[in-house]
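Subject: The structure I promised you

Hi,

Here is the structure we talked about. Have a look at it first, and then read on below.

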Amino acid sequence: MRTQISPDGSYVNEGMNCSSLDITMPNGEPHGGLTGSNEFILSASGKKISSENRMEQVNQWCQRKVKSACTRKTLHKRLPISRWLPNYNSSDAVGDLVAGITVGLTVIPQALAYSGIAGLPAAYGLYGSFLGCIVYIFLGSCKDVPMGPTAISALLTYQTARGNVAKSVLLCLLTGIIELLMGLFGLGFLVDFVSGPVSSGFTSAVSLIIVTSQIKDVLGISAKGTTFLEIWQAIFADIHNIRAWDTVLGLTCIAVLLIMRIVAGLKVGPEEDTLKSRKHRIINKFMWLIGTSRNAILVVVCGAIGYVFQSSAQAPFKLIGEIPPGMPSFQAPLFSLTANETSSGRAESFSEIVSGLGSGLIVVPLIALMENIAICKAFSNGKPVDATQELIAIGVANIANSFVQGFPGTGSLSRSAVNNASGVRTPMGNIYTGALVVLSLMFFTPYFSYIPKASLAAIIIAAVVFMVEVKVVKPMWRTKKSDLIPGLSTFIACLALPLEMGILVGVGLNVIFILYHAARPKISVERLTSPGGTEYLIITPDRCLIFPSVDYVRNLVTKHSIRQSLPVVIDCSHVYGADYTAATVIDSITADFTKRDQPLFFYNLKPSVCAVFEGLSPVDFVVYYREEHLDDLLKERAYKPKQVLSA
């Protein structure tokens, strides 16, 4: 089927001549007046604009974008506080106050503990737990997200910055800038390349690594390492120095935390809430509050124990040590390091620091986005999640945290669950959480130094052990067993290799699976009879024809057509796209069929795809759109069934 080109460069898609839809214009112009052009583009007014004026069109596009950015709709979208603040009332304030204080009691011990995972002094977890919360109030779109350090972000910070304070703070700034740029350029879709199985494998591996990294504090020994295997090797190398009192305290704290976690879920009285008495509700609320505040209660009790024993000649527990009192100084991160500030003993410039951070500059923002989006989806009640706005929110929050010496953070799923269960109404709950952290920095840091390391390790272990997603294996096995391959591969790779390499292995396997499915479409082959009684072969690919798959489709079409020696119809109902390589193969196929004098037709080919195939002007390229047209096409080709020829 050839294309008729007019002198002005426009063309009419002849593939629509056989269309079952009548789209003739009232003035008799065929094809609805739809024409294409290689020399002109159409403006919004419908006038032809030559290529010389395209710069003007670009300027107009930029002006429209700037104008749309200044609308009220865009303001509400990019500054979410403007949507809910005008309707804020006293009920919202009470709900946010209760939730904010409850989350604050959770975030303070977690922040102290996560600093240890990041290889930093305990104070730096608190530094990253208040300013980001306040920033998120203005830019965050999810009421349940409490911005701050998390176990995964802390481990990634350690593997990227290797426990260097200045590099960790600079990593926080760079992470925030990258997240902000990703948001401004709409790159939130990148998280879609991390599938559910890969995410589960990564999270499970991280949980085991974090648990492993805290075993040394439970045992009271020294063990350094970045990967799962390295940490265990270091533990066994120093196992002879185990401290009995630290071990007893750590194991006891883990048991107490797990029991209190169970208590939080217990209910007394009838199962239906309407039948519960006021006494039942008070008891249930009290048990929930005790269970939810278990980390804070444990830190207070263990801190008191540490204070009692610290005056003895030989303290039985390892303590976290002195924490500088007061607020951190507000200053920009260091962009270069002196010889005294590096582990190598030589000065490093900004470019050398960035080079040393390596792939962590991509992995840390990506994983932070994954964590945050997972929280937003979990508590969105089916509403769409704006990944772009969340990137902007956590990006600006991390930039702000870097100016108060915080390390990278994001939303925490465990704290979000507490926030939601506490009845948070708006993101304003973050201001009370941040205020509680500020109060602790100003008045309680001298007392934090008495907290035993074993108790903080127990808090981490009791929290992250439930992040191992064993429960997803059975549903995955039942639905699609091949999904276990990228999931298990990611899990093993993250345990054996640095985390950024492990996640890249998982994403790489996902891409390979996608490419394989693109290169090997499913082809159905049926032998049917036309309304006129002629047998023919219909071949139906289930997806688009692009360069990885066209040779595979060609081989199957050739094999079945030669074997059956019947007219062949390629049903293109599912072919929604094609490229130049596909067009060359179609040209070759039609030529082969012509040489064999074997009819070949294309059924229900979309006009856009038809235009691609017509670009090479293939010989005897025939498209039809109604089943009853097949017999007419066979008559035009003077085709006679084999049984007639043999008669």
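What follows is a run through what turned up in it.

First, the ground rules. This is a predicted model, so local features need pLDDT of at least 70 and side-chain atom pairs count only at pLDDT 80 or more, while totals for chains, interfaces and linings use all residues. Residues are numbered from 1 along each chain as its sequence is written, and side-chain values use heavy atoms, with hydrogens and water left out.

**The whole chain**

The protein chain has 27 helices and twelve strands. Both are DSSP runs numbered from the N terminus: helices are H or I with at least four residues, strands are E with at least two. Of the 647 residues in the chain, 47% are buried. Buried here means under 20% relative accessible area, exposed means over 50%, and partly exposed is in between (1.4 Å probe, protein chains only). As for contacts (heavy atoms within 4.5 Å), take those in the chain between residues at least 6 apart in sequence: 76% of them join residues at least 24 apart.

**Two helices and what covers them**

How many of the residues in helix α7 (residues 151-161) are buried? Eleven of its eleven, so this helix is mostly covered. Among them are Ala151, Leu155, Tyr158 and Ala161. Right after α7 comes Arg162, with a positive phi near 55°.

Helix α26 (residues 629-636) has two faces to look at. Leu630, Asp631, Leu633 and Leu634 are its buried residues. Viewed down the axis of α26, they fall within an arc of 160°, so they line one face of the helix; the arc is that of the directions from the helix axis to the C-beta atoms. As background, an α-helix has 3.6 residues a turn, so residues three or four places apart point the same way. The buried residues of α26 pack against four strands: β9 (535-541), β10 (568-571), β11 (600-603) and β12 (623-624). On the face turned away from that buried side you'll find the exposed residues Lys635 and Glu636. α26 is followed by Ala638, another residue to check for its positive phi, near 55°.

**A helix pair**

Try α6 (residues 131-139) and α18 (residues 429-448) next. Their axes come within 8 Å and cross at roughly 170°. Axes are lines fitted to C-alpha atoms, for helices over the stretch in contact, and angles run from 0 to 180 degrees between N-to-C directions. That crossing makes α6 roughly antiparallel to α18, a label for angles over 145 degrees (under 35 is roughly parallel, 65 to 115 roughly perpendicular, and the rest oblique). In the contact, Cys133, Tyr136 and Ile137 of α6 meet Asn430, Ile431 and Thr433 of α18. By class, that contact has four nonpolar, two polar and no charged residues. Ala, Val, Leu, Ile, Met, Phe, Trp, Tyr, Cys and Pro count as nonpolar, Asp, Glu, Lys and Arg as charged, and the others, Gly among them, as polar.

**Cysteines**

How many disulfides does a search of the whole structure find? Zero, where a disulfide is a pair of cysteine sulfur atoms within 2.5 Å. The sulfur of Cys253 has its closest cysteine sulfur in Cys302, 3.6 Å away, which is too far for a bond. Cys376 is in no disulfide either, and the nearest cysteine sulfur, that of Cys142, is 4.2 Å away. Cys253 is buried, at a relative accessible area of 3%, and Cys376 counts as buried at 3% relative accessibility.

**Single residues worth a click**

Leu391 sits in helix α16 (residues 387-402) and is buried, at 0% relative accessibility. Neighbours within four places in sequence aside, Leu391 is in contact with Glu179, Leu180, Met182, Gly183, Leu187, Gly188 and Leu369.

Is His517, in helix α22 (residues 499-519), buried or partly exposed? His517 counts as partly exposed, at 33% relative accessibility. Beyond its neighbours within four places in sequence, His517 is in contact with Lys480 and Arg543.

Finally, two loop residues. Asn604, in the loop between β11 and α25 (607-614), has a positive phi near 55° though it is not a glycine. Ser617, in the loop between α25 and β12, also has a positive phi, near 50°.

Cheers
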